[in-house]
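Dear colleague,

I am handing over the structure we spoke about, with the sequence alongside. Please open it first, and then read the notes that follow beside it.

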Amino acid sequence: MPTTKRTVDVQLSTTGMDAQGRPQRVPLVVDESGSPVAVEAPPSMDPDLTGEHMLINMGPQHPATHGVLRLVLELDGETVVRCIPHIGYLHCGFEKIGEYRQYNQIIPWTDREDYLNSPGNNVAFALGAERLFGIDITERCKVLRVMACELSRIISHLVWLGTTSIDIGAFTPFLWAFQQREIVYEMLESWVGARLTTSLTRVGGMAADIPDDFLPKLTAFVNTFPKVVDEIDRVITRNGIWVGRTVGLGVMSPEEAVNYGLSGPMVRASGVAFDVRKDFPYLDYETYDFDVPVGTNGDVYDRFLVRMEELRQSTSILAQTLKRLPDGPVNVDDHRTILPPKSKATSDMESMIHHFKQVMEGPRPPIGEAYVAVESPKGEKGYYMVSDGSSKPVRWRIRPPSFVNLSAIPRMVEGHLLSDVIAINASIDIVMGEIDR
Amino acid sequence: MGLSNERSEGSALAGRSNTELSGDEPWITTKLDAFVNWGRKNSLWPMPFGTACCAIEFMATAASKYDLARFGMERQAFTPRQADLLICAGRVPFKLAPVLRRIWQQMPQPKWCISMGACASTGGMFDNYAVVQGIDSIIPVDVYVPGCPPRPEGLMYGILMLQKKVENERSSDRSLRHEMEPDPKSQLYIPPSVIDEVSEPFGNSIHQTRSGL
Amino acid sequence: MNNGFTPVVAGRASGGDAAAPATPTSIAHRGGAMNPSADAIRQRFAGVLHRADVVWGETTVIVDRTRVHDVIQWLHDDPSQLYDYLSDVTAVEFRDLEQAVEVVWHLRSLPFRRFLRVKVLLEKGAPLEVPSVWDIYKGADWLERECYDMFGIRFAGHPDLRRLLMWEQYKEGFPLRKDFPLRGRFSRSEQLRQALAANPEARYSKDELSIADAFEDLPADMRQRLGTGERTGE
C-alpha cells in the first residue's frame, strides 16, 4: 500500500503577542475550531500569598550568565516583575592601563577585552590608531583584515550558538560549533601563533603575512562550513522546544531599540537595518557583495535567525576575499610605526635609529582624536583615542556594544518567566570582558 | 615527580606529627589509599569558575578535540556543592574576590584548585588597581597553569599534575583536608602594618615606586 | 512571515540622490568637510556653540555646559537632524591638569548617516556636573553611570546615579582620573583586605531589600547595621 505524504502545520504553543507587543502567557486552551481561548488565571489557594514578591539573586557565578553577571530578580511566582543587573565583576582597568602603554603595546589588550572577537578587536584598534596617525594601509592589508574580521565574526557567533544551545537545552550544537572553532584556531595559529588572543594587527599593517598553507585551509573551511551551519539549522531552527522557548520573548520595538543604543544583531532583529559595514564603511566593505539580515519581531528567535544568517553571509564574504587578495606588501612603508626588517636594522644607520625610537619611545601620533567604529559580532564596537602628541594615548575609550545592549535587559525581561531570563540573556550575546573592561 | 614519604630527621618537616612514614603504615591502609585516590583522581568533577578568555579555552578543552571526558571530568559542576575541583579560569578583580572565597568555602572536602592562566596565578598583564594579583591570596591553589590563555594541552598537563598529587595523598595526613579560616588570634596572624612593610619591595606600596609606570 | 514589514533603513532620510557611503581614505588631519549639523546648531542656538572643528574627518562641536541638554534634545528631535542614536558618553582628562576636563557625547543620525561629537569643557575648578541625557536616550543610563564611576562627574537628572563597575563603598576614588595612580592608592594587601571584607550576601541595594520581605531573614547584625543607616553597597 503506497504511503501518502502530508504536510503538517506546526502550531506554536503560545497564543501570540498582545497589542503592546508583549507575549501572552496564559494557558493554552483551544475550542472546537482549534483556535486558542484565553482563560483567567485560577485564583490562588492562599490569598495572603498574592502580594508577596520574591527576590532571587542570579550570579555572579552561574553557568548560564555567560560570564560574571549578577541579576537580581524580583519574582511574582515565576514571573519576573523587575530585574536589576549588577556588573563590574570583571572590571580590570583596561582604559586606565591604555594610558600607560604605547599604541602597539595596547593591541594585546584589545584581544582580552572582547575575547571571542580578538582578531576583530585588533583590526578595530589598528584602524583607530591609523586614523590618528593619518596612515592609509595597503590593499593587501585591507583584504587580510577583512578575512580576520569575518573569521572572527564566525567564531564569535559559534560560541554564542554553542552556549545558547546549552542554555536552552540542546547540548550537541555546542560540540559541533567548537569543532569548527578548532579549525579556525588552527588557521589563526599558523598565521600569528596564537589561537584565541591573536594580536593580529599592528599600527600600519599586520603582525605577519599569511603563511603558505593559510589560503588552502581557508578555502577548505569556506567550502565545508555552510554544510555545518545547515546541519545545526536542521537540528534546532524548526525544533518545537527551541521555537517555543524563544518566540515572543524579549521583544524590543525598532524605536526602542535605537533609543536604547542597541546595535548589531540586537537592533537588526528589531527591524532596523543598521550595520556599520554598510552605513559607515571601512576596509572597502562597500565593494563586497553581502546582505545584512534584518528581523521582523525583535524577539529572541529573530536574533537567533539573524545570527545564523550572518554566519552564512560571513562565509560568502570570505569566499570573495579569497578571490581578490592582491599581492604586495602587507605593512605600510612608514618608518614611524612599522619596524624595519631586521637585516636593515642591523646594518643601515637610519633604520637602526627608527627601530630604536619605535621600541624605546613608541610611535607618536600628532595631537588629535579619532573614533573608529566597526561592526563587531556584538554590535558597534568603537575605539576612541585622544592623543597629546606623546607615544601613549591620553584617553583610550572602548565603546562596548554588549554594555549598551545589556543595559536594556531590565526592559526585555519584565513580564517573562524565570526560565525566559536565561534565553533572553543568551540572545544578547554578552561578553563580560567587554562590558566591564 | 611524586611526593616522597620519607622525611629525614633534620628536615623542616621532621617535627610534623601528622604525616607518617610509609614504612610504618599497614599495607591495608596504603591499598585503601591507593584505591580511594584512584577513584578521586579519575573522577574529578570540575567547577569552572570561568571569568574571561581562559574560560573559552577551558570550553575548548572540554569540547570534542581535546576531550576532558577521558579524564572523568565530563560532568562539570556549576554548583560548588557538587564539585571537587575549582578551576579558576580568568582574571579575578577585587570585586569578585569575596565571591571566589565564598564559592571555595561552599565546596565540600576533598577539594582542589587549579589556577588556570597567568591572570589567576599572578594577576597576569593586569598589574593595576582592579585585579587581584594571584588568587592564591584568596584560596589555596594546588596547580598553577601558565599561559595567556594556556593551550588545551597545557591545561591537561596541569590536570595530570593534579592527578599525580591526588594519587600521592595519604589519608593519615590530616592536614590535607583541614581548612583554615583567617583568625586574628592565631599565632600565624601577621598584623596589616607588618604585611605592608614586608611587602613593600614586591607589591605596590603606597609609594608606587616599584616600576617606572 | 509578516507581509507588511518595512525595515527601518539607515540613510532613509538622505534621499535617493545622496552618495552611497564609502570607506574614507587619505583623511586630512584638520580641515575636512564639516558636518552640516554644526552650522545648524550655530544658527539655531545663538552663542551656545563655542567652537566647531574637523579633526581626522570627524566634526567636534564644543557647546556651553548650561545649554548642552537643549542642544542634544534639538539634535534628537529636529527633522533635519534626527540624531536618534547615542553611541557613547565619556570623559577625557588630560595629563596637563590645567587643561579642561571634556565630557564627550558621540551621536549618530541613522536616517542621515551622520556622526557628530558634542563636547562640553569643564574648566579647572568648575564643578564636575553636566546634565544627563537619559530622558532623551535610554541608552545613556549605564554610560553615564560608568562615567560617574570612573571620573566622578555627576549627571544631573539621572534617575539612579551610583557606581557601576566598582563597588559602592570603593574608597580609593575615581580610577580614571589622572591623579589616581595606576595601581590604586592603597597597598595590595590593603586592597585585598577591603575587598574580602565585603560580604557577598550583603550586596543588595536598599530598594532591592525593600522589595522582598527579606529584611526579617537577614542576619541580626546586618539588620542592626542597616537600621543605623549603613549603606549596603551596589
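A salt bridge is counted here when a side-chain nitrogen of Lys or Arg lies within 4 Å of a carboxyl oxygen of Asp or Glu. By that criterion the structure, which is a predicted model, holds 60 salt bridges over all chains.

One of them is formed by the side chains of Arg395(A) and Glu95(A), with a distance of 3.0 Å from N to O. This pair links distant parts of the chain, since Arg395(A) belongs to strand S11 (residues 395–399) of chain A and Glu95(A) to helix H1 (residues 94–98) of chain A, 300 residues apart. Both Arg395(A) and Glu95(A) are buried.

Two further salt bridges run between chains. In one, the side chains of Arg108(C) and Glu380(A) meet at 2.8 Å, N to O; Arg108(C) lies in strand S5 (residues 101–109) of chain C and Glu380(A) in strand S10 (residues 379–387) of chain A, so this pair joins two chains. Arg108(C) is buried, and Glu380(A) is buried as well. In the other, the side chains of Glu146(C) and Arg397(A) meet at 3.2 Å, N to O, and because Glu146(C) sits in helix H3 (residues 140–151) of chain C while Arg397(A) sits in strand S11 of chain A, this pair too joins two chains. Here again both partners, Glu146(C) and Arg397(A), are buried. Beyond single pairs, salt bridges with shared partners join Glu150(A), Arg153(A), Arg268(A), Asp275(A), Arg277(A), Glu310(A) and Glu375(A) into one network.

Two members of that network turn up again in the surroundings of Ser314(A), a residue of helix H11 of chain A. Leaving out residues up to four places away in sequence, Ser314(A) touches Glu150(A), Arg153(A) and Ile154(A). Is Ser314(A) buried or exposed? Its relative accessibility is 1%, so Ser314(A) counts as buried, the cut-off being under 20%.

Arg153(A) is also among the contacts of Asn117(A), which touches Ser152(A), Arg153(A), Ser376(A) and Pro377(A) when residues up to four places away in sequence are not counted. Asn117(A) is found in the loop between helix H2 (103–113) and helix H3 (118–133) of chain A, and with a relative accessible area of 2% Asn117(A) is buried.

Helix H11 of chain A deserves a second look for its packing. The axes of helix H11 (residues 300–324) and helix H16 (residues 418–428), both of chain A, come within 10 Å and cross at roughly 30°, and the crossing of H11(A) and H16(A) is left-handed. On the side of H11(A) the contact is made by Val300(A), Arg303(A) and Arg307(A), and on the side of H16(A) by Ala423(A), Ile424(A), Ser427(A) and Ile428(A). Sorted by class, the contact of H11(A) with H16(A) has 4 nonpolar, 1 polar and 2 charged residues.

Chain A as a whole comes to 17 helices and 11 strands. Of the 437 residues in chain A, 61% are buried, and among the contacts in chain A with a separation of 6 or more, residues 24 or more positions apart account for 69%.

Turning to chain C, 5 strands form an open sheet in the order S2-S3-S6-S5-S4, with mixed pairing. At the edges are strand S2 (49–55) and strand S4 (85–92) of chain C, each of which pairs on one side only, and the twist averages 20° from one strand to the next. Within this chain, strand S3 (residues 58–63) and strand S6 (residues 114–122) pair in the parallel sense over 5 bridges; Val61(C) has Val118(C) as its bridge partner in S6(C).

Finally, Ser189(C) lies in helix H4 (residues 188–197) of chain C. Which residues does Ser189(C) contact, leaving aside its neighbours within four places in sequence? They are Ile195(B) and Asp196(B). Ser189(C) has a relative accessible area of 16% and is therefore buried, while its C-alpha is 23 Å from that of Arg163(C), the two residues being 26 apart in sequence.

With best wishes

Conventions: Residues are numbered from 1 along each chain as its sequence is written. Chains are lettered from A and ligands numbered from 1 in the order in which they are written. This is a predicted model: local features need pLDDT of at least 70, side-chain atom pairs count only at pLDDT 80 or more; totals for chains, interfaces and linings use all residues. Side-chain values use heavy atoms; hydrogens and water are left out. Helices (H or I, at least four residues) and strands (E, at least two) are DSSP runs, numbered from the N terminus. Buried means under 20% relative accessible area, exposed over 50%, partly exposed in between (1.4 Å probe, protein chains only). Contact means heavy atoms within 4.5 Å. Two strands pair if DSSP finds at least two bridges between them. Axes are lines fitted to C-alpha atoms, for helices over the stretch in contact, and angles run from 0 to 180 degrees between N-to-C directions. A crossing is left-handed if the near helix is turned anticlockwise from the far one by less than a right angle, and right-handed if clockwise. Ala, Val, Leu, Ile, Met, Phe, Trp, Tyr, Cys and Pro count as nonpolar, Asp, Glu, Lys and Arg as charged, and the others, Gly among them, as polar.
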